[in-house]
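Q: Could you walk me through one part of this structure in detail, the bit around the surface patch, and then tell me what else is worth a look?

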Amino acid sequence: MVVWRADLYKAEATRQLSDTSSYLSLDHDPTDKHQATISTTITDLINSGSLSPQASNLIVPQPRTARFYLLPKIHKPDCPGRPIVSACWCPAKLISTYLDSILS
């Protein structure tokens, strides 16, 4: 376990998230819009017969916004953070898991 001082963690997060070549600041949370698009698309595909009714299980019932956090790289100078974006229970999580099982 590594304990990172809060001020250093926040400074590293700010440094990384300020990199506009990697991250884009949004003025809103797109989770609800993505959920609506995915739900509508899956429902339409079920109704057209392109997907079986069991495909409704691919819709995340209560989606959440992805979470950004850092893991310190203690073996590197100045301990830069490794950015992690946790997409657990985001709108496309179940579709992603399903496709991964097919393509693996």
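A: Let's start with L99, which sits in helix α3, the stretch covering residues 93-103. Bear in mind that this is a predicted model. How buried or exposed is L99? Its relative accessibility is 42%, so L99 counts as partly exposed; the cut-offs here are under 20% for buried and over 50% for exposed. L99 also has company: together with Y98, I102 and L103, L99 forms a nonpolar patch on the surface. Taken together, the four have about 440 Å² of accessible area.

Just before that helix there's an oddity in the backbone. W89 lies in the loop between β2 and α3, and its phi is near 65°, a positive value in a residue that isn't glycine. Most residues other than glycine have a negative phi. As for its side chain's surroundings, W89 is partly exposed, with 44% relative accessible area.

Now over to α1, which takes in residues 6-17. With twelve residues, α1 reaches 16 Å from first C-alpha to last, close to the 16 Å expected at 1.5 Å a residue. Which of its residues are buried? They are E12, A13 and Q16. These cover an arc of only 100° around the axis, which puts them on the same side of α1. What they pack against is a pair of strands, β1 (67-72) and β2 (81-86). So β2 turns up twice in this tour: as a packing partner for the buried residues of α1, and at one end of the loop that holds W89.

E12 deserves a second glance, as a charged residue that is buried at 10% relative accessible area. Its partner is R15: the two form a salt bridge, with the closest N and O atoms 2.7 Å apart. Both lie in α1, three residues apart, or about one turn of the helix. An α-helix has 3.6 residues a turn, so residues three or four places apart point the same way.

How many salt bridges does a search of the whole structure find? Two, and the other one pairs D7 with R5, their closest N and O atoms being 2.8 Å apart. Neither of these partners is buried: D7 is partly exposed at 45%, while R5 is exposed at 52%. Set that against the bridge inside α1, where E12 is buried.

Definitions and conventions:
Residues are numbered from 1 along each chain as its sequence is written. This is a predicted model: local features need pLDDT of at least 70, side-chain atom pairs count only at pLDDT 80 or more; totals for chains, interfaces and linings use all residues. Side-chain values use heavy atoms; hydrogens and water are left out. Helices (H or I, at least four residues) and strands (E, at least two) are DSSP runs, numbered from the N terminus. The expected span of a helix is 1.5 Å times one less than its number of residues. Buried means under 20% relative accessible area, exposed over 50%, partly exposed in between (1.4 Å probe, protein chains only). The arc is that of the directions from the helix axis to the C-beta atoms. Contact means heavy atoms within 4.5 Å. Patches are made of residues with over 30% relative accessible area and no salt bridge: like charges are joined within 9 Å, nonpolar side chains (Val, Leu, Ile, Met, Phe, Trp, Tyr) within 5 Å. Accessible areas come from the Shrake-Rupley method with a 1.4 Å probe; for residues, only the protein chains shown count as cover. A salt bridge is a side-chain nitrogen of Lys or Arg within 4 Å of a carboxyl oxygen of Asp or Glu.
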